[in-house]
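Subject: Structure for you to look at

Hello,

Here is the structure I said I would pass on. Please have it open while you read the notes below.

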Amino acid sequence: PAATQAELARIARAHCAEVVGPDEASHVVFGGDEDDEAEGGEKEFLTPLAIDEERGLALVHWWYAPDSQDEWIDASRVTGSPEPSHDWTKPLESEKKWRVGCRFVRDVAVHNEWGSEVDYELEEPRRARKRK
């Protein structure tokens with residue numbers, strides 16, 4: 001809807017992003033309010049970044065939070081191992097652009113900084129909706 005597009009554009013511009021067409025964009029935003037609710041819900045998810053076995057700590061990234069909120073927590077709270085290193089500032093090789101949900105932009109207003117795209121990346125490509 002036009003109101004959602006206007007809201008997202010306002011937030012993006014307020015945080016120094018340029019709003020351009022999909023052919024020029026580095027990030028293409030899809031979805032609506034129903035997608036925002038489905039992305040996170042009330043549960044908190046994390047990704048382990050590093051494990052310090054000697055101190056029993058794990059460095060974790062909380063989904064839908066900016067990287068500045070990564071923190072060390074008790075390793076017993078973490079399942080899984082850190083993923084192999086990947087430059088998360090770039091989309092996976094198969095992607096030329098980041099394809100993210102609306103929440104990616106809305107959370108900028110919440111945290112006053114851009115989040116990690118991989119938290120918001122859409123798994124299945126969506127077709128852009130055409131206006132009549």
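Arginine 103 counts as buried, because its relative accessibility is 18% and the cut-off for buried is under 20%. Please keep in mind that this is a predicted model, so every value here was computed from predicted positions.

Which residue forms a salt bridge with arginine 103? The partner is aspartate 107, and the closest N and O atoms of the pair are 3.1 Å apart. Aspartate 107 is buried as well, at 11% relative accessibility. The two residues both belong to helix α3 and are 4 residues apart, which means that about one helical turn separates them.

Helix α3, which covers residues 103-111, also holds arginine 106. Arginine 106 has a salt bridge to glutamate 7, with 2.9 Å between the closest N and O atoms. Where does glutamate 7 lie in the chain? Glutamate 7 sits in helix α1 (residues 2-14), 99 residues away from arginine 106, and the pair links distant parts of the chain. Arginine 106 is buried, with 14% relative accessibility. Glutamate 7, at 26%, is partly exposed.

As general background, side chains of opposite charge can pair when their charged atoms come close.

How many salt bridges are there in total? The count is 3. Besides the two described above, aspartate 52 and arginine 55 meet through their side chains, at 2.7 Å from N to O. Is arginine 55 buried or exposed? Arginine 55 is exposed, since its relative accessible area is 53% and the cut-off for exposed is over 50%.

The other item is a sheet. It is open, has 3 strands in the order β2-β3-β4, and its pairing is antiparallel. The strands at the edges are β2 (46-52) and β4 (71-74), each of which pairs on one side only. On average, neighbouring strands in this sheet are turned by 40° against each other, with direction ignored.

Strand β3 takes in residues 57-62 and runs antiparallel to β4, to which 4 bridges join it. If you want one position to find on screen, look for leucine 57: aspartate 74 in β4 stands opposite it.

To recap, the notes cover 3 salt bridges and an open sheet of 3 strands.

Regards

Technical notes
Residues numbered from 1 in each chain as written. Predicted model: local features only at pLDDT ≥ 70, side-chain atom pairs only at ≥ 80, totals over all residues. Heavy atoms only, no water. Salt bridge = Lys/Arg side-chain N within 4 Å of Asp/Glu carboxyl O. Buried < 20%, exposed > 50% of the residue type's maximum accessible area, 1.4 Å probe, protein only. Pairing = 2+ DSSP bridges. Axes fitted to C-alpha atoms, helices over the stretch in contact; angles between N-to-C directions.
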